[in-house]
Amino acid sequence: MKTPEEIKEQIITTERFKELTGIDPIQDDLERANCKSAGIFNHICCGWCSKHNKPAWWCLCSVNKYNKKIKENNESANKPQNERP
Ligand SMILES: [Zn+2]
């Protein structure tokens with residue numbers, strides 16, 4: 001089980017957002033940072049990049065990860081068509 005401190009750590013608050021990005025969160029920034037659907041379709045740029053400690057929509061990690069997955073899917077889907085008898 002996680003301690004309240006650990007859970008709190010994962011939630012991006014206004015203070016934490018400002019501390020890590022240097023700016024105040026605007027509009028739905030906090031909602032997006034804490035989005036539970038982060039990383040899936042329509043939420044590709046939601047969430048928080050733990051690697052760079054900034055909003056996922058500020059860095060391309062999540063986008064790159066998503067594009068790579070799409071590319072892999074396309075490649076495996078295209079393969080049979082390229083193989084002509
Ligand atoms: Zn990143």
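**Exercise 1. Determine whether Ile26 is buried or exposed in this predicted model, and locate this residue in the fold.**

Solution.
Step 1. Count the neighbours: Ile26 has 8 other C-beta atoms within 10 Å.
Step 2. Apply the cut-off: a residue with 12 or fewer such atoms is exposed. Ile26 is therefore exposed.
Step 3. Assign the segment: Ile26 belongs to the loop that joins helix H2 (14-21) to helix H3 (29-33).
Step 4. Add a distance: Thr14 is twelve residues from Ile26 along the chain, and their C-alpha atoms are 9.6 Å apart.

**Exercise 2. Describe the secondary structure of the protein chain and the order of its elements.**

Solution.
Step 1. Count the elements: the protein chain has four helices and two strands.
Step 2. Put them in sequence order: the pattern reads α-α-α-β-β-α.
Step 3. Consider burial over the chain: of the 85 residues, 11% are buried.
Step 4. Consider the range of contacts: among contacts with a separation of 6 or more, 13% join residues 24 or more positions apart.

**Exercise 3. Identify the residues of the largest nonpolar core, and characterise Ala33 and Trp48.**

Solution.
Step 1. List the members: the largest nonpolar core consists of six residues, namely Ile12, Phe17, Ala33, Cys46, Trp48 and Ala56.
Step 2. Recall the general tendency: in soluble globular proteins, nonpolar side chains tend to be buried together.
Step 3. Examine Ala33, a residue of helix H3. Because 24 other C-beta atoms lie within 10 Å, Ala33 is buried.
Step 4. Examine Trp48, which is placed in strand S1. Trp48 has 24 C-beta neighbours inside 10 Å and so counts as buried.

**Exercise 4. Trace the contacts of Ile12, Ala33 and Trp48, leaving aside residues up to four places away in sequence.**

Solution.
Step 1. Begin with Ile12: its contacts are Phe17, Leu30, Ala33, Asn34 and Trp48.
Step 2. Continue with Ala33: this residue touches Ile12, Phe17, Gly47, Trp48 and Pro55.
Step 3. Complete the set with Trp48: its partners are Ile12, Ala33, Pro55 and Ala56.
Step 4. Combine the lists: Ile12 is in contact with both Ala33 and Trp48, and Ala33 also touches Trp48.
Step 5. Add the C-alpha distances. Ala33 and Gly47 are 14 residues apart along the chain, with a separation of 4.2 Å between their C-alpha atoms. For Trp48 and Leu30, 18 residues apart along the chain, the C-alpha separation is 9.9 Å.

**Exercise 5. State the sign of phi at Asn42 and Asn53, and determine whether each residue is buried or exposed.**

Solution.
Step 1. Take the backbone angle of Asn42: phi is positive, about 75°, although the residue is not a glycine.
Step 2. Place Asn42 in the loop between H3 and strand S1 (48-49). With 7 other C-beta atoms within 10 Å, Asn42 is exposed.
Step 3. Take the backbone angle of Asn53: phi is likewise positive, about 55°, and this residue is not a glycine.
Step 4. Place Asn53 in the loop between S1 and strand S2 (54-55). Asn53 has 12 C-beta neighbours inside 10 Å. The cut-off for an exposed residue is 12 or fewer, and Asn53 therefore counts as exposed.

Definitions and conventions
Residues numbered from 1 in each chain as written. Predicted model: local features only at pLDDT ≥ 70, side-chain atom pairs only at ≥ 80, totals over all residues. Core = buried A, V, L, I, M, F, W, Y, C linked by C-beta atoms within 7 Å. Buried ≥ 20, exposed ≤ 12 C-beta atoms within 10 Å, placed from the backbone. Contact = placed C-beta atoms within 7 Å.
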